[in-house]
Amino acid sequence: MKWRVGDVTITKIVEMEVTGGSRFILPQATYEEILPIKWLQPHFADERGRLKMSIHALVIEAPGGGKNGQRIVVDTCLGNDKTGRRIPTWNNLNLPFLAYLEAAGFSRESIDTVLCTHLHVDHVGWNTMLVGDKWVPTFPKARYLMGRVEFAHWRAAHERPDMQAVFADSVKPVHDAGLVDLVETDHRITNEISLIPTVGHTPGHVSVLIKSKGEEALITGDFMHHPCQIAHPEWCSAADSDPEMGQRTRERMLEELSGRPVLVIGTHFAGATAGRIVKDGDTYRMDV
Ligand SMILES: [Zn+2]
């Protein structure tokens with residue numbers, strides 16, 4: 001799946017899509033609450049009210065750099081062979097993510113930049129891959145951009161048993177290899193691509209703004225996990241580090257986005273994945 005925004009192209013590379021079983025992340029999203037939100041079907045919920053969610057990377061191709069332009073991977077999913085994850089089905093994966101990436105025309109060596117919107121387990125996995133018994137950078141020629149505040153937070157928190165593994169196998173190896181650039185939450189990557197702060201889900205969380213030839217797109221990261229939070233901005237994710245700030249961020253972003261023709265590309269939105277935010281009574285919806 002591809003989108004064009006002026007001179008920029010964005011390609012979705014899916015690692016995993018699931019229907020149901022996401023209630024742990026959005027406890028208020030019961031079947032009874034989801035069913036009446038008709039626009040969620042069929043892309044984002046099924047006819048029983050179960051949420052559909054996706055874990056995917058987004059590859060941005062922008063002008064500049066070498067003959068292929070700039071190639072930026074936004075968020076690197078769960079990764080293969082990882083262990084010590086709290087969610088049982090996220091351990092010891094053996095999924096064809098790299099084959100899909102290659103089939104879409106992106107070799108590992110051709111990636112210039114990797115950007116993690118934040119350092120949660122499902123956004124850093126393919127930063128590294130297992131070679132022999134060592135975690136090595138998956139994208140050897142890339143600079144890995146991580147938020148300065150975000151990195152400091154997780155480095156300090158990585159004594160926590162649930163974070164220990166993630167930091168150790170997916171963040172530390174690329175940092176030790178000298179490939180990490182710590183950036184501010186409003187960092188500009190190219191003329192067309194910049195970060196904007198959308199904190200609350202984590203302390204240094206960012207979204208990615210793409211502007212080219214008068215067109216605009218936004219890659220959300222996890223300030224929204226699922227489109228049901230467009231209808232219910234007050235629904236917080238169980239994974240939010242500061243739920244109140246997360247809600248304020250969501251309300252501010254939805255208000256801003258609903259007034260402008262911005263293509264919103266959801267980091268965990270399944271199916272069509274992208275659309276435009278419009279006002280819908282006293283709340284919002286997404287038109288795909
Ligand atoms: Zn996530």
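Below, a colleague asks a modeller why certain residues in this predicted model carry the labels they do.

Colleague: Happy to start with the ground rules; what do the numbering and the cut-offs rest on?

Modeller: Residues are numbered from 1 along each chain as its sequence is written, and side-chain values use heavy atoms, with hydrogens and water left out. As this is a predicted model, local features need pLDDT of at least 70 and side-chain atom pairs count only at pLDDT 80 or more, while totals for chains, interfaces and linings use all residues.

Colleague: Thanks! What makes the contact between Lys213 and Asp7 a salt bridge?

Modeller: The term asks for a side-chain nitrogen of Lys or Arg within 4 Å of a carboxyl oxygen of Asp or Glu. The N to O distance for Lys213 and Asp7 is 3.1 Å, so the pair qualifies as a salt bridge. The two residues are 206 residues apart and link distant parts of the chain: Lys213 sits in the loop between β11 and β12, and Asp7 in the loop between β1 (2-5) and β2. Helices (H or I, at least four residues) and strands (E, at least two) are DSSP runs, numbered from the N terminus.

Colleague: Why is Lys213 called exposed, and why is Asp7 called partly exposed?

Modeller: Buried means under 20% relative accessible area, exposed over 50%, and partly exposed in between (1.4 Å probe, protein chains only). Lys213 has 67%, so Lys213 is exposed. Asp7 has 32%, so Asp7 is partly exposed.

Colleague: What is notable about the backbone of Lys213?

Modeller: Lys213 has a positive phi of about 50° although it is not a glycine. Most residues other than glycine have a negative phi. Asp81 also has a positive phi, of about 70°, and is not a glycine. Asp81 belongs to the loop between β4 (69-74) and α2 (97-103), and its relative accessible area of 36% makes it partly exposed.

Colleague: And where is there a cis peptide bond?

Modeller: The cis bond joins Gln41 and Pro42, with omega of about 0°. Pro42 is in the loop between α1 (31-34) and β3 (52-66). Most peptide bonds are trans.

Colleague: How many salt bridges does the structure hold, and how do you know that Arg50 and Asp46 form one?

Modeller: The structure holds 14 salt bridges. For Arg50 and Asp46, the closest N and O atoms are 2.7 Å apart, so this pair meets the salt-bridge limit. Arg50 is partly exposed because its relative accessibility is 24%, whereas Asp46 has 6% and is therefore buried.

Colleague: What about Asp287 and Arg285?

Modeller: Their side chains meet in a salt bridge at 2.8 Å, N to O. Asp287 has 34% relative accessibility and so counts as partly exposed; Arg285, at 25%, is also partly exposed. Elsewhere, salt bridges that share partners join Lys82, Arg85 and Asp169 into one network.

Colleague: How do you know that Glu15 has no salt bridge, and what does its side chain contact?

Modeller: Glu15 is in strand β2 (residues 8-19). Glu15 is buried, and the nearest side chain of opposite charge, Lys82, is 8.8 Å away. Here Lys and Arg count as positive and Asp and Glu as negative, while His and the chain ends are not counted. The Glu15 side chain does reach the backbone nitrogen of Leu78 at 2.8 Å. Glu15 also makes a polar contact with the side chain of Trp126 at 3.0 Å. A polar contact is a pair of N or O atoms within 3.5 Å; within protein, one must be able to donate a hydrogen and the other to accept it, and residues adjacent in sequence count only if both atoms are side-chain atoms. The Trp126 contact is therefore inside the distance limit.

Colleague: Last topic: how far apart in space are Thr190 and Pro63, and is Thr190 buried or exposed?

Modeller: Their C-alpha atoms are separated by 8.3 Å, although the residues are 127 residues apart along the chain. Thr190 lies in the loop between β9 (180-183) and β10 (193-197), and its relative accessible area is 11%, so Thr190 is buried. Another such pair is Ala103 and Ile13, 90 residues apart in sequence and 9.9 Å apart in space, C-alpha to C-alpha. Ala103 is in helix α2, and its 69% relative accessibility is why Ala103 counts as exposed.
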